[in-house]
Number of protein chains: 2
Amino acid sequence: MTEKDFFRVTTLKAVLELIRTLPCVGEEVLALDRSVGRILAQDVFSSIDLPEFNRATMDGYAVQARSTFGTSESMPALFAVVGSVEMGEVPTVSVKAGEAVRIATGGMVPDGADSVVMVEHTQALDAHTVEVFKSAAPLQHVMEVGEDIRKGEKILVMGSRIRPQEMGVLAALGQAHVPVYKQPVLAIISSGDEIVPVDQTPDLSQLRDVNAHSLAGLISLSGGIPLYLGIGKDDFDELDRLCRQALAQADMVLISGGSSVGSRDFTLEVLQGLPDAEILVHGVSISPGKPTILARSGEKPVWGLPGQITSAMVVFHVLVRPALERISGLSESELGKSRQVPAVLSRNLASVQGRDDHVRVKLVRQGERLYAEPILGKSGLIHTMVKADGLIRIDRDSEGLDKGAPVEVMLF
Amino acid sequence: MTEKDFFRVTTLKAVLELIRTLPCVGEEVLALDRSVGRILAQDVFSSIDLPEFNRATMDGYAVQARSTFGTSESMPALFAVVGSVEMGEVPTVSVKAGEAVRIATGGMVPDGADSVVMVEHTQALDAHTVEVFKSAAPLQHVMEVGEDIRKGEKILVMGSRIRPQEMGVLAALGQAHVPVYKQPVLAIISSGDEIVPVDQTPDLSQLRDVNAHSLAGLISLSGGIPLYLGIGKDDFDELDRLCRQALAQADMVLISGGSSVGSRDFTLEVLQGLPDAEILVHGVSISPGKPTILARSGEKPVWGLPGQITSAMVVFHVLVRPALERISGLSESELGKSRQVPAVLSRNLASVQGRDDHVRVKLVRQGERLYAEPILGKSGLIHTMVKADGLIRIDRDSEGLDKGAPVEVMLF
């Protein structure tokens, strides 16, 4: 193999297809209060009707709607106030024609009543009489039994992310504990003779371990748990030992660094020697990020990421995050959801056919439009990532995009 | 005061102005690895140039660019290979005209060389000679000293949120510890005789404590720490005790429930009796969420939220989150950032003038456009929140929005 055809690259699409075949992590049961952001491991069916009783949704008077028909500001109707409903108590009165019961928002609508007249549309004349001057429709300001959620209904779907509203539904159903997928643990190994820990002053020609920290942040924000295993020098035994430790402790492994051809060969050699190992991908037709490796040891994915920090971050967004979401149990329909916003490209962008290009952009709002403004500067510079809000992709079949073209921005 | 003019409501704009005057929480110093998502409490200036040495950004040969001028596939130039640069080591050779030094991505460009020729544009003839068949520009594939970040440059700004790329910058500068604002603690008190804990089966007419759980989730996702103090029955002394406990332990207090007029009066009375208390807002001209109360005790904000879960959640998104972000130290320019996406309204929506209406919407993508599709159904139903992706606001000066109108969606 000559150096020129070193990479027999895989397309982005093919790598994403591969990722869909990765198996999920296991499940666990969590206290409801610790479940926000986690992924449901079971469908949730309602064991009850919600509400469980006809509930008033306004402060006012519970009445029979037909007793109010025809009333108006100029033709008020008089009602006999026969009681009031205390919060949290079952009413002891029932409502007949021409009668009204004082009720507060959230109170249980008494038998006989089918409507609540807002207090703003009434005038109390004395303790026992109220004037109603607006006619009420049946079920007005009443939430009926089961109107929100029906008993037996599938209300939450396995594989969806638990937001505060889903927590509310689970609370309403009395689910103080929730079955969720475990958070995948992702081991990070930095490799390279030139890398020193952050708290160490690098000699001239050495570099601080930038990538491990950015990757840890990306893993946390993507719902995983980062496990930093330290820096491995370019030594087969040392990298092999770190990889085996990672496979024992983690669900997925990221090897960061080794950006030179020699170093990549070396990483490849270590990966090939792991138990039940297979190199799935060696080079991806994306830019930046071409030298990416994806291997497996048993069922666990192992990534070899480019050494340049900006390339490593792009590969994380484009490939590692989907893989992490996949093994997290996130459903197909939620993959990447809410991380993408449509925008309009602010200038022409050239691109090379045959690879998916990823360009850093800043979002700029002008009136009603959201513009994606490409960040200029060499791709390896980390300050370009600090300036950017996200990435856009230029398809492998395209020679570029024109100013004004619609683009999807993957938000950081 | 009659029931009709019970509320002298404050506009949304005025409440948001008030929120801008809230003081920030204190600062702390965190290990870099725990800093993701936190807010920088100081500007960061670079103490070094980045890179600290001229770095190769490709695998290849370091040369003097002018020695390559005029070369091409048909007119290759011969170079004498005088050495190679090991990763992490200062080169011992220097490069003269017609000489080349083998170098890998990330390596230190040796003295004399000003350019790197990609290995793909070379052919090694023997161990000491290489053919170059493409001319190289000066500084090609070389990242110069300080090209990414200059020594002394302000690179990160106080009040900005630390993303993975900011962690990378901090790592590169050797900042193993980071000054950040503390995470505000938000106490949650549920109030109401009708509320029972989630793990308890409610009697008919009672409700499980839904709001506390959704609020806890919202607080966590907004960068705060929820502190749940339990359910206070409608009893002055009990609610007063819980509020004082909350003020002792938290930076902001949320009282949830008390949705009826009577219960609101009661909450108001307790708030007025707190140390150095002032009722700042009693009713806001928004829908849903009108009965919202904002008070202060000393410098700490205390919110009385509507009892209906959907109203409470809307008020959190519209008012409490901005307040939380404000006391978290988030800079003006980042408030609400990346939580808003522009979309197009899918149908006509009527609205009442004189209040800011908030409508739940689902985002639906059709081709290049993102549509905001209003969720129908009574506003109090929690399943409408589960179906929704965010909120749109209809301005208080508007009578509604037409199908096709541009809207901003506040994402959940």
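Visitor: Which residue in the turn of the hairpin formed by strand 20 and strand 21 of chain A has a positive phi?

Guide: Keep in mind that this is a predicted model. Strand 20 and strand 21 of chain A make a hairpin, with 2 residues between them. In that turn, the residue with a positive phi, about 60°, is Gly298(A).

Visitor: Which residue in strand 21 of chain A stands opposite Arg296(A)?

Guide: Strand 20 of chain A and strand 21 (residues 300-305) pair in the antiparallel sense, with 5 bridges. Go to Arg296(A), look across to strand 21 of chain A, and you find Pro301(A).

Visitor: And does strand 17 of chain A run parallel or antiparallel to strand 21 of chain A?

Guide: Strand 17 of chain A covers residues 252-257, and 4 bridges join it to strand 21 of chain A. One pair to look at is Val253(A) opposite Val302(A). As for direction, these two strands run parallel.

Visitor: What about strand 18 of chain A: which residue of strand 20 stands opposite Ile279(A)?

Guide: Strand 18 (residues 277-282) and strand 20 (residues 293-297) of chain A are antiparallel, joined by 5 bridges. Across from Ile279(A), in strand 20 of chain A, sits Ala295(A).

Visitor: Which strands are the edge strands of the open sheet in chain A?

Guide: The sheet has 6 strands in the order 16-13-17-21-20-18, with mixed pairing. An edge strand here pairs on one side only, and that picks out strand 16 (225-232) and strand 18 of chain A.

Visitor: What angle does helix 3 of chain A make with strand 13 of chain A?

Guide: Helix 3 (residues 210-221) packs on the sheet and touches strand 13 (185-191), strand 16 and strand 17 of chain A. Compare its direction with that of strand 13 of chain A and you get about 170°.

Technical notes:
Residues are numbered from 1 along each chain as its sequence is written. Chains are lettered from A and ligands numbered from 1 in the order in which they are written. This is a predicted model: local features need pLDDT of at least 70, side-chain atom pairs count only at pLDDT 80 or more; totals for chains, interfaces and linings use all residues. Two strands pair if DSSP finds at least two bridges between them. Helices (H or I, at least four residues) and strands (E, at least two) are DSSP runs, numbered from the N terminus. Two residues are in contact if their C-beta atoms, placed from the backbone, lie within 7 Å. Axes are lines fitted to C-alpha atoms, for helices over the stretch in contact, and angles run from 0 to 180 degrees between N-to-C directions.
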